[in-house]
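Q: Please take a close look at one part of this model, the strand sheet in its later portion, and then place that part within the rest of the chain. I would like one connected account rather than a list.

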Amino acid sequence: MRVPLSWLCDFAPLIADPADIASALSGLGLVVEGMETFGAGLADVVVARVLATRPHPNADKVQVVDVDAGDGEALQIVCGAFNFGAGDVVPLAPVGSRLPGGMQIGRRNVRGEWSNGMLCSGTELGLTSDADGIMILDAGLAPGTALTEALGIVADVVFDVDVTPNRPDALSVAGVARDLAAHFGVPFSVPGPPAPAGAGAAGPVSVVVEAPDLCPQFTATVLTGVTIGPSPQWMAQRLTLAGMRPINNIVDVSNYVMLELGQPNHPYDLDRLPGRGLLVRRAREGETLVTLDDVERSVGPDDCLICDAEGAGVGIAGVMGGASSEIGPSTTTVALEAAWFDPVAIARTSKRVGLRTEASVRFERGVDPEGVGRAVARFCQLAAEVAGASVDGPWVDVRAGLPRPARVVVRTGRVNELLGTELSPAEVSSYLQPIGFRCTPTGDGDFRVDIPSWRPDCEREIDVVEEVARHHGYTEIARTMPPITQVGGLTPYQRDRRLVREILVGTGLSEAWATTFLAVDDLTRAGLPSDAVEVENPLAVEESILRPSLLPGLLRALAANAGHRRPDVELFEIGHVFLPPPAGEALPVEPEHLAVALGGADAAEAVRVWHVLAAGLRLVNAGTEAAEIPGLHPTRSARVLAGGTVVGAIGEVDPQVLAAHGIDGRVGWFQADLGALLGAPRRPAVYRPVSRFPSADIDLAFVVDEGVPAAAVERSLARAAGDVLEHLELFDIFRGPQLEGARSLAWRLRFSSMDHTLTEDELTALRLRCIDAVTAAHPARLRG
């Protein structure tokens, strides 16, 4: 949020150096990402009137201009812009002047014609973002007048403040000024014009609220005698500095009040509202509305719609108004809407319609439920000043159940315990009272603290402790080493987790990290159920749920690598997932999961990784069991077993899921609940001697029905081979039209005896025994 210093000074007498103010804001948690000076370097720029223009005799892209700089004489300028003509009034930087940014203006010869200064654009003066041509001024300005005097420009400093989602009050100039006033110990006050007379349920405009759950408060005020025109320079300048484009005086007043007090509002042309009234209801399925940006948007039953008295939509509540009742040059009567909308409803609507506005940002974070009347009064005051408006009759105020501010008990001892400070009760109170937290002592250093209505983020004692810490100053809290009650070391679980990482890195995998936050569409694209834990106040509205699986994040990583010509990257991740709470529980389940994604690999490669991991962990009865797993190929997926317990899933990612992520080829997948995996039974770590005698390999390929898991065949081979089996590896899978309903699985068996070299007869007997075991136990035959 961009905050001009002059605007802050309307609320508090801030006389500190701008650099010190920026430092104070950052220390208060409102980090200043940039600081700009406006209006500096314009002292030498004057107003000039264009007397004549003519082509340059030796250049096509510039023209020669004669201007009157106030002395009545023609002054020749060579200019590259063509958006003006004789009689226009423009800004002139004479020879010897210096513009913002340090540019020195000198007398120059441009292809044989002398230029005695420079005509300036708004960008070159640092006043506007328009760089397409020379800035055209009011025709009534006298040549030779200093530009700062002619435009009423006062040098200002603008702070670009990063407002975190938990500080909705700081999305207003008043909120930022309140923090600064408390920090510097200066008075703070909000301009308090009188509210319109006689708030009630009836007035000159009708209001009906059919969805009080979405809109607990809705007010409407009628202003007559409005004259639409440009805003005065001081208002236009402040809006520009705050990053908003001036439009006309009434719209500018609306934006000004929103930026100043944090309360969005919307003016309608009452004469363009059929029935001269407003209706608040839920939108209907398939309903559309053309918003002020001339885009037709679809809304639905979960969205709050502002309608005229006849039920036609005229605005998406809390997001943007409709084009049908837009303020225009002919507007003379205004109906002002100011309301309090449900924050969650506005956040969902904003995301659903793909439109995030200054208003929706404030509503979804939570505006002051007691600030609507103050904003209406301020709007009426400014509209009277800049547009000649007057309030017509009482304002209409329809209310349902507005949220009430919290009241919490704060213990000074607990504050000091958490912060590592030695603050007295008086000091704690002195930090809270100036920012609107009313403290009532209850004895023994405790307080009953009434949270102000503009701080919906504060609900518990710990939230108030954070406010104490902010205003005491984090830099003022001494660094201390927590007491050590035991010698440090890894727990068995941490050691095993580290071992898992080492094993997977040893197989050639790279560890990845993916974000915890997802969009609902991410689950759909990954073929996963949409049931997930929703974040109440997400950092980004488009990522509003916590991941229930590691699959979406790793698929995005694979897609990103494939886009950089690395389709065969092999990744693993260890991280927490978040599952909906069980029945009767309030908090989500947060198990730690392990996932492996193998780009360009099949299920067999995923099984190989699982076998290596199972061997490294010495798991008992590690295997797989065919099953359909969400997000995986329906016939190439299985449950992972350890000690007879399901600990995860394995297979290939569903081709439709891969296509949704733009990934070609196959992706092998393995996932496991790390806690269950590391808690499975294990064999003791016993040394096994290595045979001194040569080993022998036998390859066996079987045609096996698609419904028979490769792991089941592998178990039959291992049992038949007995103790002389040293290694067993599935090295080939083949499918073809000649093997309809089946596939060919090829294993390599390595045999070795501890006390002699195996003979040909022994190897032949082992081969036949393995073949008989497989064909007897499964619908399979030896492939010739």
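A: What follows begins with one strand and its neighbours, moves to the helices on the sheet, and then turns to the rest of the chain.

The model is a predicted one, and the values below are computed from it. The protein chain is divided into six parts by the assignment used here, namely domain 1 (2-39 + 156-184), domain 2 (46-151), domain 3 (206-399), domain 4 (407-475), domain 5 (492-679) and domain 6 (696-782).

A good place to start is strand E33, which covers residues 632-642. Eight of its 11 residues are buried, so strand E33 is largely enclosed by the rest of the structure. On one side, strand E32 (residues 623-626) is joined to E33 by four bridges, and the two run antiparallel. The register of this pairing can be followed residue by residue, with Gly623 standing opposite Leu641 in E33 and Ala626 standing opposite Ala638 in E33. Together E32 and E33 make a hairpin with five residues between them, and in its turn Gly631 has a positive phi of about 90 degrees.

On the other pairing, seven bridges join E33 to strand E34 (residues 645-653), and this pair too is antiparallel. Here Ala642 stands opposite Thr645 in E34. The hairpin of E33 and E34 has two residues between the strands, and Gly643 takes a positive phi near 65 degrees.

These pairings belong to an open sheet of seven strands, whose order is E26-E30-E31-E35-E34-E33-E32 and whose pairing is mixed. The edges are held by strand E26 (510-511) and by E32, each of which has a single partner strand, so one side of each is left without a neighbour in the sheet. Helix H14 (residues 492-506) packs on this sheet, where it touches E26, strand E30 (570-576) and strand E31 (592-599), and its direction makes about 165 degrees with that of E30. Another helix, H17 (residues 603-617), lies across E30, E31, E32, E33, E34 and strand E35 (667-673), and runs at about 145 degrees to E34.

Aromatic side chains offer a further view of how helix H17 relates to the sheet. The count of aromatic pairs in the model comes to five. In one of them, the rings of Trp234 and Tyr256 have their centres 5.7 Å apart and their planes at 90 degrees, so the pair is edge-to-face, given that planes over 60 degrees apart count as such. Trp234 belongs to helix H6 (residues 233-241) and Tyr256 to helix H7 (residues 249-261), so that the pair links distant parts of the chain, 22 residues apart. The two partners differ in their surroundings: Trp234 is partly exposed, with a relative accessible area of 34%, whereas Tyr256 is buried, with a relative accessible area of 1%. The pair that concerns the sheet is that of Trp610 and Phe670, which is tilted, with 5.5 Å from centre to centre and 40 degrees between the planes. Trp610 sits in helix H17 and Phe670 in strand E35, 60 residues apart, and this pair likewise links distant parts of the chain. Both Trp610 and Phe670 are buried. Ring pairs also link Trp7, Trp234 and Tyr256 into a cluster.

One loop residue can be set against strand E33. Ala532 lies in the loop between helix H15 (520-525) and strand E28 (533-534), and at 19% relative accessibility Ala532 counts as buried, because the cut-off is under 20%. Beyond the residues up to four places away in sequence, Ala532 touches Leu523, Ile545, Leu546, Pro548 and Pro580. The C-alpha atoms of Ala532 and Leu641 are separated by 25 Å, with their positions 109 residues apart along the chain.

Last comes the nonpolar packing in the model. The largest nonpolar core has 57 residues, and those with the most contacts inside it are Leu8, Leu25, Phe159 and Ile250. Its largest share, nine residues, comes from helix H10 (residues 372-387). Domain 1 (2-39 + 156-184) and domain 3 (206-399) each supply at least three residues to this core. Apart from it lies another core, of 37 residues, among them Val222, Ile346, Leu355 and Val396.

Conventions
Residues numbered from 1 in each chain as written. Predicted model: local features only at pLDDT ≥ 70, side-chain atom pairs only at ≥ 80, totals over all residues. Heavy atoms only, no water. Core = buried A, V, L, I, M, F, W, Y, C linked by side-chain atoms within 4.5 Å. Buried < 20%, exposed > 50% of the residue type's maximum accessible area, 1.4 Å probe, protein only. Domains from an automatic or database assignment. Pairing = 2+ DSSP bridges. Contact = heavy atoms within 4.5 Å. Axes fitted to C-alpha atoms, helices over the stretch in contact; angles between N-to-C directions. Phe/Tyr/Trp six-rings, centres within 6.5 Å; stacked < 30°, edge-to-face > 60°.
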